[in-house]
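Please go through the contact between the two chains and then one helix, in questions and answers.

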Amino acid sequence: MKFGIVVSEGPYTHQASDSAYSFVKAALAKGHEVSRVFFYHDGVNVGTRLSVPPQDDRQIQAQWTALGKEHGLDLVICIAAAQRRGLLDQNEADRQGKDANNIAEGFRISGLGQLIEMGIQADRTITFGD
Amino acid sequence: MSEVVKKFLYVNRKAPYGTIYAQEALEVVLIGAAFDQDVSLAFLDDGVFQLTKGQDTRAAGLKNFSPTFRALGDYEVTKLYVEQESLDERGLTLDDLQDIQYEDEDDDYEEKPSIIVVSRAEMANVMADQDVVLSF
Amino acid sequence: MATLHTVNKSPFQNQTLISCLGHVKAGDSVLMIEDGVYGAMSGSALSEVVAGMGANIKLFVLTADIAARGIDAGRVAEGVTPVDYEEFVDMAASHDRVQNWL
């Protein structure tokens, strides 16, 4: 089975990104494919490289980066939602004349089309949000 | 853009403006239109409030995105299912909603309503008929 | 052609679980996750409503989220089956589509 995952809330404030992470881990452990994880609405905030969560709590962004690396996951942050919320990669920062970029390793910024394409290509689409 | 045509349903259950979900859901619908899928929108629970007429956001300082619903026909998004019971519970009728039309190119470009009012039971059938359900 | 529905809201917070149950078809499954697991408790003001509306379908609750919230296994309503993430994945695969009630 090929799963497409949507994460539509940000880290810590909602459990969504944690539930999605646990689901993705379980799916991969069972030998399923996770074709893409698409971060929308406040979910784009999962991909900031500037978070410094307390050490005695799970490190949400770092977990996703590590999982993404281990399994070659396509972690996509929606550009429109990211622009609204101040998540920029180097390209975007240059394009928009901003003096910093803050996308974490393993995430890439792309268009909403990637969400639709994911829906078309996956066998099952699951949304974790609020 | 794609050989595969799937039935996509965008489920809207939240009121506009208090949160961004209604507006950002519409942005997905517009971008998604380019993929030539079989698209429907569902409005139930507080989602029916998204379609009301006369939204004036000036004093609130928010972007009025309601005109975008009227443009959906141009994007070939022509099936907006609105739940009757959700309207009734909120004291709304079809008259309270925007007049959203599309031009049916298979029928001499006749203007037809995009809003399809359905019962809760019919809405359940619409949902059960989909390939991909996106909720916001 | 069955749907796996997930609900992540407490039924005491808003109508999401009730709305979901009002839209299920016979043979569907509803999985309560995150704060939605409170809908699986027995002895609450809504336990009978949930059981009644869920009569033609299968009700499930995610064990990780029950445990997190200190809901003792004995408090899960009789008609609700506890499942873990592996079973959640299995159900997502075995149903024809997943609909997430947020």
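Q: How many salt bridges are there between chain A and chain B?
A: In this predicted model, local features need pLDDT of at least 70 and side-chain atom pairs count only at pLDDT 80 or more, while totals for chains, interfaces and linings use all residues. Residues are numbered from 1 along each chain as its sequence is written, and side-chain values use heavy atoms, with hydrogens and water left out. With a salt bridge taken as a side-chain nitrogen of Lys or Arg within 4 Å of a carboxyl oxygen of Asp or Glu, A:Arg85 forms one with B:Glu24, their closest N and O atoms being 2.9 Å apart. Between chain A and chain B the count is three salt bridges.

Q: Which element supplies the largest share of the side of chain A that touches chain B?
A: Helix H3 (79-85), helix H5 (113-121) and strand S5 (124-128) of chain A each supply at least two residues of that side, helices (H or I, at least four residues) and strands (E, at least two) being DSSP runs numbered from the N terminus. The largest share, six residues, comes from H5(A).

Q: How many of the twelve residues of H1(B) are buried?
A: Buried means under 20% relative accessible area (1.4 Å probe, protein chains only), and B:Glu24 is among the residues of H1(B) that meet this. The cover over the buried residues of H1(B) includes H3 and H5 of chain A, together with strand S1 (7-12), strand S2 (38-43) and helix H2 (67-71) of chain B. H1(B) is mostly covered, and the number of its buried residues is ten.

Note on methods
Chains are lettered from A and ligands numbered from 1 in the order in which they are written. Buried means under 20% relative accessible area, exposed over 50%, partly exposed in between (1.4 Å probe, protein chains only). Contact means heavy atoms within 4.5 Å.
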